[in-house]
Amino acid sequence: MPLTLIATEGLIPPSRYAATVSRLSELFLRLHSLSGNRALTPNVVGHVQTVPAGSSFCGLEPQPIVVVEWLTPSFAFTSREVQRAYVKEATDIVEEACEGRQPREQIWVNVKHAVDGTWGIGGEALTNAELMEALAKG
């Protein structure tokens with residue numbers, strides 16, 4: 001499950017990247033009742049992508065931004081309760097990581113779903129059913 005944390009440079013200190021990605025990932029696992037799952041945990045990956053100041057936009061104007069973006073199978077984030085909890089808690093985590101440099105109103109969270117059968121791990125294309133089977137064993 002790839003997580004991309006996109007931030008305008010200078011908003012999140014590089015010394016906070018690892019902890020922030022870890023906390024966002026742990027939150028994903030916890031809310032999906034998958035904490036410690038041996039099949040999924042090693043496949044939760046993430047990276048921080050910084051964009052130069054002046055190259056991010058909000059309201060059609062150059063503005064600093066932070067976006068938490070997941071790419072997941074379509075069975076993730078389907079519960080409205082999970083969606084609400086993740087967006088709120090992820091925003092809290094990012095707001096803290098920014099140490100007051102970014103208003104909450106300019107922190108976004110979104111999820112994209114992969115097409116069933118195109119989830120690739122270790123060179124193998126897995127369907128949602130195959131992923132669920134692996135998660136059930138983990």
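This is a short dialogue on reading the helices and the sheet in a predicted model.

Colleague: What should I know about the model before I start?

Modeller: It is predicted, so local features need pLDDT of at least 70 and side-chain atom pairs count only at pLDDT 80 or more, while totals for chains, interfaces and linings use all residues. Residues are numbered from 1 along each chain as its sequence is written, and side-chain values use heavy atoms, leaving out hydrogens and water.

Colleague: At what angle do the axes of helix α1 and helix α2 cross?

Modeller: Helices (H or I, at least four residues) and strands (E, at least two) are DSSP runs, numbered from the N terminus. Axes are lines fitted to C-alpha atoms, for helices over the stretch in contact, with angles from 0 to 180 degrees between N-to-C directions. Here α1 (residues 17-31) and α2 (residues 80-97) have axes that come within 10 Å and cross at roughly 165 degrees. That makes the two helices roughly antiparallel (angles over 145 degrees).

Colleague: Which residues of α1 meet α2?

Modeller: Contact means heavy atoms within 4.5 Å. In α1, the residues include L24, L27 and F28, and in α2 they include Y86, I93 and V94.

Colleague: How are the strands of the sheet ordered?

Modeller: In general, strands of a sheet pair through backbone hydrogen bonds, either parallel or antiparallel. Two strands count as paired if DSSP finds at least two bridges between them. This open sheet has four strands in the order β2-β1-β5-β6, with mixed pairing. Its edge strands are β2 (45-51) and β6 (107-113). Strand β5 (residues 66-72) pairs with β6 in the parallel sense over seven bridges, and E69 has N110 in β6 as its bridge partner.

Conventions: Angles under 35 degrees count as roughly parallel, over 145 as roughly antiparallel, 65 to 115 as roughly perpendicular and the rest as oblique.
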